[in-house]
There are 2 protein chains.
Amino acid sequence: MKLKKKRLEVIREIINTRKIGCQVELLQPLLDMGIDVTQATLSRDLKQLKIAKVPDSTGRYIYTLPKEEGMGGNVRYTPALDRHPIVGLGGFLSISFSYNLVVIKTSPGYAGSIAYDIDNGNSKEILGTVAGDDTILIILAEGISHEEAYTALSKYVPALRTQ
Amino acid sequence: MKLKKKRLEVIREIINTRKIGCQVELLQPLLDMGIDVTQATLSRDLKQLKIAKVPDSTGRYIYTLPKEEGMGGNVRYTPALDRHPIVGLGGFLSISFSYNLVVIKTSPGYAGSIAYDIDNGNSKEILGTVAGDDTILIILAEGISHEEAYTALSKYVPALRTQ
DNA sequence: TCATAGTGTGTATATTTATTCCTATTTTCT
DNA sequence: AGAAAATAGGAATAAATATACACACTATGA
């Protein structure tokens, strides 16, 4: 049915935008959009969308969208939503460190452009990068701490700047 | 308490290893390890560990560990189930280690799919991978031994299983 | 056409999960 | 040491979530 497709999109939109802590909290926003369903339907929808309830850092729970899957998966997001996956983060997903290496995970397709920016920055802390489709490997200069690297990278990755 | 620290580790281990669909399913494995607690405690533990219950692609729910991150970043979860398997024995050629790096050689064209599975495994030992056509570079987390890495990788590369 | 299969959803309910209330134990501070 | 605060965890229960069942509607095919 047409209604369902629309509803799933709206649910994704809401989950992506606001902090929703339980399914009934989702009912009102949907009603505001003219969508009237029951909690049971939401439970089924969230399952289908692979939306998970995760403990956040403030001791509460919030629903979050799944990380996008590559070709293997059966989840297909609409192109429209796909284009702005996480507004403002420019594809950035996570950063982690191991000695003189940094690994940045991005949404599929974003690794190249982010790595390009980092490479062109000519930061002395960063020797170079290697990028795949959704992963960037960054090699740090000798003696650079993770904090220094983080600061240097934040110049090229807006999502790393502390709010 | 010392008990709790231990328990949290064991819980992580179990969640990482088996498919647990609800909290009571976790009680028995813990009991087998000599840990006797109630569901209420598990609820609190899972919250603290930021372990989420995620819908997988087979229509069931699975608890999964959060993706390890460095400092910044938003938390996203990999939909469960692409976790294990696939990857026919074909493709794998060799594995070698150098400090916090692993290089896996594959037949031409296989590197990407094997790396894909490794990436989606969310192993805490593995920060990420970069794949070419027949070579995969894997970055290990700090403090991970080659043995631990081997074990972690064997979950995704059947050829590594000793059996 | 009518049967059959498939999808979508509400209601009611079962199941699962989080929390409230309480007690015990440990840690911190004076 | 003793008081006060923090931490841990069980029992009971509230809250949240998933599902069994029923029914409506759509598409398909003989």
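Leaving aside neighbours within four places in sequence, A:Thr135 is in contact with residues of two chains: A:Val103, A:Ile104, A:Lys105, A:Thr106, A:Ala111 and A:Val130 in chain A, and B:Asp119, B:Thr129 and B:Val130 in chain B. The model is predicted. A:Thr135 belongs to strand β6 of chain A, which covers residues 135–140. With a relative accessible area of 3%, A:Thr135 counts as buried, because the cut-off for that class is under 20%. The side chain of A:Thr135 also makes a polar contact of 3.0 Å with the side chain of A:Asp134.

**DNA strand D**

DNA strand D is surrounded by 19 residues, and the closest are A:Gln23, A:Ser43, A:Tyr63, B:Arg7 and B:Thr41. Among the atoms of DNA strand D within 4 Å of the protein, sugar or phosphate accounts for 67%, and bases for the rest. Three elements each supply at least two residues of the surface near DNA strand D: α3 (39–48) of chain A, and α1 (2–17) and α3 (39–49) of chain B. Of these, α3(A) gives the most, with five residues. By class, the surface near DNA strand D has seven nonpolar, five polar and seven charged residues.

**DNA strand C**

DNA strand C likewise has 19 residues around it, the closest being A:Arg7, A:Thr41, A:Arg44, B:Gln23 and B:Tyr63. Here 60% of the strand atoms within 4 Å of the protein belong to sugar or phosphate, and the rest to bases. The elements that each supply at least two residues of the surface near DNA strand C are α1 (2–17) and α3 of chain A and α3 of chain B. The most comes from α3(B), with five residues. The residues of this surface divide into seven nonpolar, five polar and seven charged.

**Polar side-chain contacts to the DNA**

The table lists distances from side-chain N or O atoms to atoms of the two strands.

| Residue | DNA atom | Distance |
|---|---|---|
| A:Tyr63 | phosphate oxygen, DNA strand D | 2.5 Å |
| B:Thr41 | phosphate oxygen, DNA strand D | 2.3 Å |
| B:Tyr61 | phosphate oxygen, DNA strand D | 3.4 Å |
| A:Arg44 | base nitrogen, DNA strand C | 2.8 Å |
| B:Lys47 | phosphate oxygen, DNA strand C | 3.1 Å |
| B:Lys53 | phosphate oxygen, DNA strand C | 3.0 Å |

A:Arg44 approaches a base nitrogen of DNA strand C, whereas the side chain of B:Lys47 approaches a phosphate oxygen of that strand. A:Tyr63 and B:Thr41, listed for DNA strand D, are also among the residues closest to that strand.

**Rings and charges**

Two of the residues in the table, B:Lys53 and B:Tyr61, also meet within the protein. B:Lys53 lies over the face of B:Tyr61, at 5.1 Å from the ring centre. In chain A, the charged end of A:Lys53 sits over the ring of A:Tyr61, 5.1 Å from its centre. Over all chains, the structure holds zero aromatic pairs.

B:Tyr61 can also be placed relative to B:Lys19. The two residues are 42 residues apart in sequence, and their C-alpha atoms are 8.8 Å apart in space. B:Lys19 is in the loop between α1 and α2 (23–32) of chain B. B:Lys19 has a relative accessible area of 41% and is therefore partly exposed, whereas A:Thr135 is buried.

Technical notes
Residues numbered from 1 in each chain as written. Chains lettered and ligands numbered in written order. Predicted model: local features only at pLDDT ≥ 70, side-chain atom pairs only at ≥ 80, totals over all residues. Heavy atoms only, no water. Near = heavy atom within 4 Å. Polar contact = N/O pair within 3.5 Å; in protein donor to acceptor, adjacent residues only side chain to side chain. Helix = DSSP H or I, 4+ residues; strand = E, 2+ residues; numbered from the N terminus. Nonpolar A, V, L, I, M, F, W, Y, C, P; charged D, E, K, R; others polar. Phe/Tyr/Trp six-rings, centres within 6.5 Å; stacked < 30°, edge-to-face > 60°. Lys NZ or Arg CZ within 6 Å of the ring centre and 35° of its normal. Buried < 20%, exposed > 50% of the residue type's maximum accessible area, 1.4 Å probe, protein only. Contact = heavy atoms within 4.5 Å.
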